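Me: I should like to learn how the features of a structural model are read, one at a time. May we begin with a single residue and work outward?

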Amino acid sequence: MSAKTYSDSYNIGDPANRVDGHLKVQGKARYAGENLFDAPTLVGWILGAKVASGTLTQIDTSKAQAQEGVQAVITYQNSPDQTPFGQPEDMGRFGQSRAMLNDTRIRYAGFPIALVVADTLEQARYAARLIDYTIEPGPISLLRAPEEADVVPEDIDGGYEADAGTGDIDSALANGTRLDVHYTTPNQVSAAMEPHTSIAYYDGDTLTVHSSVQVLASAVDCLSSTFNLPAEKIRVKSPYVGGGFGSKLGLHNDAILACIGSLLLQRPVKVAMSRRQVFHNAPHRGMSHQQMALSASDDGAIHGVQHHSSMPMAKDYAFAEGTGVAARINYKANAIDSQHRVKVVDSPMIDSVRAPGDAIGSLAFESAVDELCRAINMDPVTFRRNNIAPVHPLTGADFSTNNLDRCLDEGAKAFGWEDRQYRQSGTKKNGFGVSVGMRMNIIVPSQAKITVDSKGQFTVHTDMTDIGTGTYTILTQIVAQHFGVPAHCITIDLGDSDSPASSGSGGSFGASSSGTAVLNACEALAARLSELAGLAQGNELVQFDGEQVRFGEGDTQQTHNLSELLRNAGEPAQDSLSAQGEVKPDEDHDKYAQYSCAAHFAEVSVDTVTGEVRVIRQHGAFSAGRILNHKTAGSQLKGGMVWGTSYALFEDLQQDPRDGSFVNCDFAEYHFAVNRDIGELSLDIIEEPDYKACKLGSKGIGELGITGSGAAIANAVFDATGVRVRDFPITPDKVMAGL
Amino acid sequence: MSSITINGQTHGLPQDPRTTLLDFMHQHLQLFGAKKGCDHGQCGACTVLVDGERMNACLLLTFQLAGKSIVTIEGLASDDELHPLQQAFIDNDAFQCGFCTSGQICSGVALKSELEKNRPSTLWFDPDYTKTEDVKERLSGNLCRCGAYPHIIDAVSICTDEQEA
């Protein structure tokens, strides 16, 4: 890292610049595919099946094998021994075998059937085209209608029951104004800017893998399961991740194939998915059917909420998205009935995409709620305000904190909801929308180690990742504040599986989990230093000033030289001192309903001739406990709001019903929001530390921004035009059809 | 002429005519600043300056660039100092994961000279044309999945505002 000095304050909460910013703006942060070993790196290219189901009956690699530079063509016939995909069952889905090239069965369209390894990318890519193969196609199972989904999943993501409810739904729905609507949401890909990439090197003893992955400990488990190697002989590194959004929670085909290549050749092998390959070789969010019945009294009290979800579930991979979670938590009601059904299909992996459950559910559910407001002719902000749940609607548990009311009030005020002005300019009409979001908060077990050397330089080791969330920066702030040291005295070492295991990044649990582990490590180090200074181990404030350490405050303050303290630490004399910290979920996570919350407001302009929707502005009011860094937190929340717009208006991964493949596998055909698609973005943060969530008082924000933001856009489109599109995304053709 | 200049250094052209500028930099020079986000010219993560013009390095075959001078993100400033736009990206938190950032910054640098030369954008023919929309349009070839767009516009305004003044 080049010389770095930070003039800003790096206390917790400060809107401090990212500490990894200098590297990233210079193109010097090394992402997975940019690492080098002493030996030259070979390049692998994936050959994928063109159909979604079947058996590979013949494969001839001889022509490919004969090409210049080709080192190996690997198929099921010559790949190393692997544990069958999905075994062992008790390892959890990210720790199980993700075997590749292990048999002749085709599991989904794009499924790798060969890996060509060559000296250069150009050679490997060309040779792959010369492989001759035959697939005997099998019947293809796809979800073609909601009623085909009749399997009750064992549980849904987040550990919830597939079916849950309270009260007598039939009588609740019979009461008041009733709305029955059916919504569909599209297949969506995370489309992180960095395609999944890995470089593996097996030197005959240890397997080292540079990969782009959000959680390292389970990545090691996965490789251990897949290749039957002891975990201590595997090292995974991922210090910089070019976006994840759930698609890199686990290792994917690139990592397994790179390992296969390296295990066979004992040379470094790199496999980078091409952008087109990402669509099939990495996970996506499944499409959904959401059938809803809602009822409310004329004075705006919700009586009944019924939400039935039908979704595809990928064969061999038991992930069911919690589409109904928004319906279960957003509002109080006399009765709630939430149901999830799936159909097992021949599909590429279906798994988490940013805010699983919440993003998909809030998009449809908060649109339906808007329809209900219209049906009883009530202001949608007032309606939501009146129906906020005082306790968890299903469990009756108290919220640890819940500021949804303030989010709505202060958001509406900042947005100017009461004074909104309707305009028509030529063929364009504007409209306004609102929605809310509740996003569950969790802590995942996490560990960290902190070391201080005799010069007062701190280093934190944890296998945590920074996927753009700002982990390097907030962990720096936690240490900086605890010991009163400037940021340039702190090094945060992330993304190395040799370091203590952390939560990793995902589920909005990363900052609170890894941050609390680091805070606990700081406290342990402070206690140890107090002990070495001969002070009672306990609540001493320990502050550093270069190589001097100050203990306590006021009259009883003492100053010690750091080197002398370290000398006391042991024989022989030590030149550094370390301490560990960890965190686990505690009883407050069982006892209280823990959620962060959001109110979203949007103004759009719709061309009533072309049906084109343009976003004028979005405003979000968020409450997520204590904010660790107002700059990076704001960026994440705004990024989530952009996702909401993109999901509501553009994104649609389309499947060919004939062969189950995706047809729009590039960024021209799979459109997500570009710069000009986004209007003004603003936000308010209603900050109230939640110490039941964690010692830092913070709650998750990474998925809060998207939870509800798409529905505010959809509701604004209706407000502008009177057109309710229930089949997302809201593309111009669908708006036109309703005009 | 059978060489190209990248960030002031002269390099011989690769043997393999299929090698794109992006793959040449990655495979032969270990110069990883320009990123491969799509390899189709659709994401802009590989944006570099070719004789001062912004181009997608994934769409250029290296052998076509004989005699050209390329500047990548690594060549915008010296090691110890940052280009003002690089600093503006840090100050405005105009990135999260950082993977599109090299391309965004190279695009922003080129944008400044395009505005100075009064190059039209497609938007100039739109009756609702505004300068902000125009800048957004010009930067829409650089995708950012983290959604840092508003902050990117804030950062790039140091280029566009100067131009106005």
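**Backbone and fold: a guided reading**

Reply: Ser508(A) lies in the loop between β22 (490-493) and α13 of chain A. Please bear in mind throughout that the model is predicted.

Me: What is the phi of Ser508(A)?

Reply: The general idea comes first. Most residues other than glycine have a negative phi, and most peptide bonds are trans. Ser508(A) departs from this pattern, with a positive phi near 60 degrees in a residue other than glycine.

Me: Is Ser508(A) buried or exposed?

Reply: A residue counts as buried if 20 or more other C-beta atoms lie within 10 Å of its own, and as exposed if 12 or fewer do. Ser508(A) has 27 C-beta neighbours inside 10 Å and therefore counts as buried.

Me: Which other residue has a positive phi although it is not a glycine?

Reply: Asn377(A) is one such residue, with a phi of about 60 degrees. It is found in the loop between α9 (358-375) and α10 (380-386) of chain A. Asn377(A) is exposed, because 9 other C-beta atoms lie within 10 Å.

Me: Where are cis peptide bonds to be found in chain A?

Reply: One joins Gln87(A) and Pro88(A), where omega is about -20 degrees. Pro88(A) belongs to the loop between β3 (70-74) and β4 (105-106) of chain A. Another runs from Phe728(A) to Pro729(A), with omega near 0 degrees; Pro729(A) sits in the loop between α17 (709-721) and α18 (732-738) of chain A.

Me: How does one check the length of helix α13 (residues 510-532) of chain A, and what span should its 23 residues have?

Reply: The check compares an expected span, based on 1.5 Å a residue, with the separation of the end C-alpha atoms. For α13(A) the expected span is 33 Å and the end C-alpha atoms are 33 Å apart, so the two agree. As to its surroundings, 18 of the 23 residues of α13(A) are buried, which means that the helix is largely enclosed by the rest of the structure. Gly534(A) follows α13(A) and has a positive phi, near 80 degrees.

Me: Which strands are joined by bridges to β19 (residues 428-440) of chain A?

Reply: For a strand, one reads the number of bridges and the relative direction of the partners. Strand β18 (residues 424-425) of chain A is joined to β19(A) by two bridges, and the two run antiparallel. Gln424(A) stands opposite Lys429(A) in this pairing. The two strands form a hairpin with two residues between them, and Gly426(A) in the turn has a positive phi of about 60 degrees. Strand β27 (residues 595-607) of chain A is joined to β19(A) by 13 bridges, also in an antiparallel arrangement. There, Lys428(A) faces Asp607(A) of β27(A).

Me: Why is β19(A) described as largely enclosed?

Reply: The description applies because 10 of the 13 residues of β19(A) are buried.

Me: How should one read the fold of chain A as a whole, and how many helices and strands are there?

Reply: Chain A has 18 helices and 29 strands. Its radius of gyration is 27 Å, close to the 27 Å that the globule rule gives for 739 residues, so chain A is as compact as a globular protein of that length. Buried residues account for 60% of the 739 residues. Among contacts between residues at least 6 apart in sequence, 81% join residues at least 24 apart.

Me: Which domains make up chain B, and what separates their centres?

Reply: The assignment divides chain B into domain 1 (3-75) and domain 2 (84-164). Their centres, taken over C-alpha atoms, are 21 Å apart. The contact between them takes 15 residues from domain 1 and 13 residues from domain 2 of chain B. On the domain 1 side, β3 (47-50) and β4 (53-56) of chain B each supply at least two residues, and β3(B) gives the most, with three residues.

Me: How many residues does each chain give to the contact between chains A and B?

Reply: Chain B gives 49 residues and chain A gives 44 residues. The elements giving two or more residues on the chain B side include α1 (21-28) and α5 (149-164) of chain B. By class, that side has 20 nonpolar, 16 polar and 13 charged residues.

Conventions
Residues numbered from 1 in each chain as written. Chains lettered and ligands numbered in written order. Predicted model: local features only at pLDDT ≥ 70, side-chain atom pairs only at ≥ 80, totals over all residues. Helix = DSSP H or I, 4+ residues; strand = E, 2+ residues; numbered from the N terminus. Pairing = 2+ DSSP bridges. Contact = placed C-beta atoms within 7 Å. Nonpolar A, V, L, I, M, F, W, Y, C, P; charged D, E, K, R; others polar. Domains from an automatic or database assignment. Expected span 1.5 Å × (residues − 1). Rg over C-alpha atoms; globule rule 2.2 N^0.38 Å.
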